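Please read the following briefing alongside the sequence and the model, which is a predicted one. The points are grouped by topic, beginning with a pair of charged residues.

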Amino acid sequence: MCKDCGCSITDHHHHDHEHSHSHDSHSHQAAHETLHHNPQLNDSKTISVIKKILDKNDHEAVHNRAHFEEHKVLGINLMSSPGSGKTTLLESFASMTDFKFAVVEGDLETSRDADRLTAKGIKAVQIQTGSACHLDAFMVHKGLHDIPLDDIDVCFVENVGNLVCPASYDVGTHLNIVLVSVPEGEDKIEKYPVMFRCADLILITKTDLLPYFEYDIQKEKEYARKLNPSVDILEVSTKDEESIKKVIEWINFKRSMRK
C-alpha cells in the first residue's frame with residue numbers, strides 16, 4: 001500500500017529487478033521518518049514492508065538517473081494538486097523553449113493530458129496508474145523506454161495530481177518543481193509542507209486571477225522559505241509570456257550547472 005493514504009501499489013513493486021545498482025544515499029529520508037508518525041501504519045510488520053517498498057523504489061530511481069545522465073538529459077519532476085496548471089505550462093513551453101523536451105505523463109485514468117501535449121508536437125508517454133496516487137520510479141522507468149533520450153535535453157515527469165504521496169517517491173529525476181495555484185487558496189503550502197520542502201522551485205500559478213481571490217502572495221512566499229530556505233519561487237501566468245520565459249531561464253540555468 002501507499003504509506004500515505006493506503007492505496008494499492010502496482011505490480012512493479014513485486015517484481016525482482018534485473019539491474020544491479022548501489023542504493024541511493026539521497027533517498028527520501030522524510031518518507032522513511034514519517035512512517036512512524038502515521039497511526040494507521042504504526043505496527044512493525046507494516047513499517048517493514050513499506051520500508052522495503054521505498055528502498056526498492058529508491059534503488060530503481062538511481063537507475064533512472066543513470067539513464068538521464070548517460071544521455072545528458074536533465075530530469076524534472078513536476079508535482080502539484082490537480083488543476084494547478086502542469087499540463088498547460090508544458091503546452092506553453094512547446095513554442096518557447098530553446099531546448100528539446102519530452103514528457104512522461106502520469107494520471108490514474110485516460111490519456112487526455114498526453115494527447116494535449118502530443119497535439120502541440122511534444123513527445124509524451126502516458127502512464128495510467130489505476131488506483132495508485134503517484135508515479136514511482138518503476139513506472140517512470142517503463143515510460144523512459146518510449147522516450148528518445150538521445151534526441152532531447154530535458155525530460156519532464158508530470159506526476160499524478162496530488163500534494164501528498166508524490167513527495168515520498170523519488171522517481172529518478174534531478175529536480176522537483178512544485179506548482180500551487182492562486183485559486184487553491186493561500187493555505188496549501190502550510191497544510192502540505194512535505195511537498196514544498198522537497199521543491200527546488202515553487203511556481204505560484206494563475207497569478208492573473210489574483211484580483212479575484214483573497215491571496216497574500218508575499219505571505220505564501222515567506223512561509224515557503226521558512227520551510228525551505230533555499231527554494232526558488234516564481235510567479236506564473238500562462239497569459240504572461242514573460243513569466244513563462246523566467247521558468248525557462250531557470251531550467252536553462254540548471255542545465256548549465258550540469259554541463
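Helix 4, which spans residues 112-119, contains both R116 and D113, and these two residues are three positions apart, or about one turn of the helix. Their side chains meet in a salt bridge, with an N to O distance of 3.9 Å, in a model that is predicted and that holds nine salt bridges.

**Salt bridges**

- The two partners in helix 4 fall into separate accessibility classes: R116 counts as partly exposed because its relative accessibility is 33%, which lies between the limits of 20% and 50%, whereas D113 counts as buried because its relative accessible area of 16% is under 20%.
- D187 forms a salt bridge with K188, in which the closest N and O atoms are 2.9 Å apart, and D187 also forms a salt bridge with K191, in which the closest N and O atoms are 3.7 Å apart.
- Salt bridges with shared partners also join E91, D113 and R116 into one network, so that the pair in helix 4 belongs to this network.
- D187 has a relative accessible area of 29% and is therefore partly exposed, while its partner K188, with a relative accessible area of 15%, is buried.

**Aromatic pairs**

- The structure holds four aromatic pairs, and one of them is formed by F93 and F101, whose ring centres lie 6.2 Å apart with the planes at 90°, so this pair is classed as edge-to-face.
- The rings of F99 and F101 likewise have their centres 6.2 Å apart, and because their planes stand at 65°, this pair is edge-to-face as well.
- In terms of accessibility, F93 and F101 are both buried, and F99 is also buried.
- F93, F99 and F101 are joined by F156 in one aromatic cluster.

**Surroundings of R255**

- R255 is found in helix 9, which covers residues 241-257, and R255 counts as buried because its relative accessibility is 17%.
- The side chains of R255 and N252 are joined by a polar contact of 2.9 Å.
- When residues up to four places away in sequence are left aside, R255 touches L74, F99, D153 and V154, and among these F99 is a member of the aromatic cluster described above.

**The protein as a whole**

- The secondary structure of the protein comprises nine helices and seven strands.
- The protein has 259 residues, of which 53% count as buried.
- Among the contacts in the protein with a separation of 6 or more, 74% are between residues that are 24 or more positions apart.
- The protein exposes about 12500 Å², and carbon and sulfur atoms supply 48% of this area.

Technical notes: Residues are numbered from 1 along each chain as its sequence is written. This is a predicted model: local features need pLDDT of at least 70, side-chain atom pairs count only at pLDDT 80 or more; totals for chains, interfaces and linings use all residues. Side-chain values use heavy atoms; hydrogens and water are left out. Rings of Phe, Tyr and Trp (its six-membered ring) pair if their centres lie within 6.5 Å; planes under 30 degrees apart count as stacked, over 60 as edge-to-face and the rest as tilted. Buried means under 20% relative accessible area, exposed over 50%, partly exposed in between (1.4 Å probe, protein chains only). Helices (H or I, at least four residues) and strands (E, at least two) are DSSP runs, numbered from the N terminus. A polar contact is a pair of N or O atoms within 3.5 Å; within protein, one must be able to donate a hydrogen and the other to accept it, and residues adjacent in sequence count only if both atoms are side-chain atoms. Contact means heavy atoms within 4.5 Å. Accessible areas come from the Shrake-Rupley method with a 1.4 Å probe; for residues, only the protein chains shown count as cover. A salt bridge is a side-chain nitrogen of Lys or Arg within 4 Å of a carboxyl oxygen of Asp or Glu.
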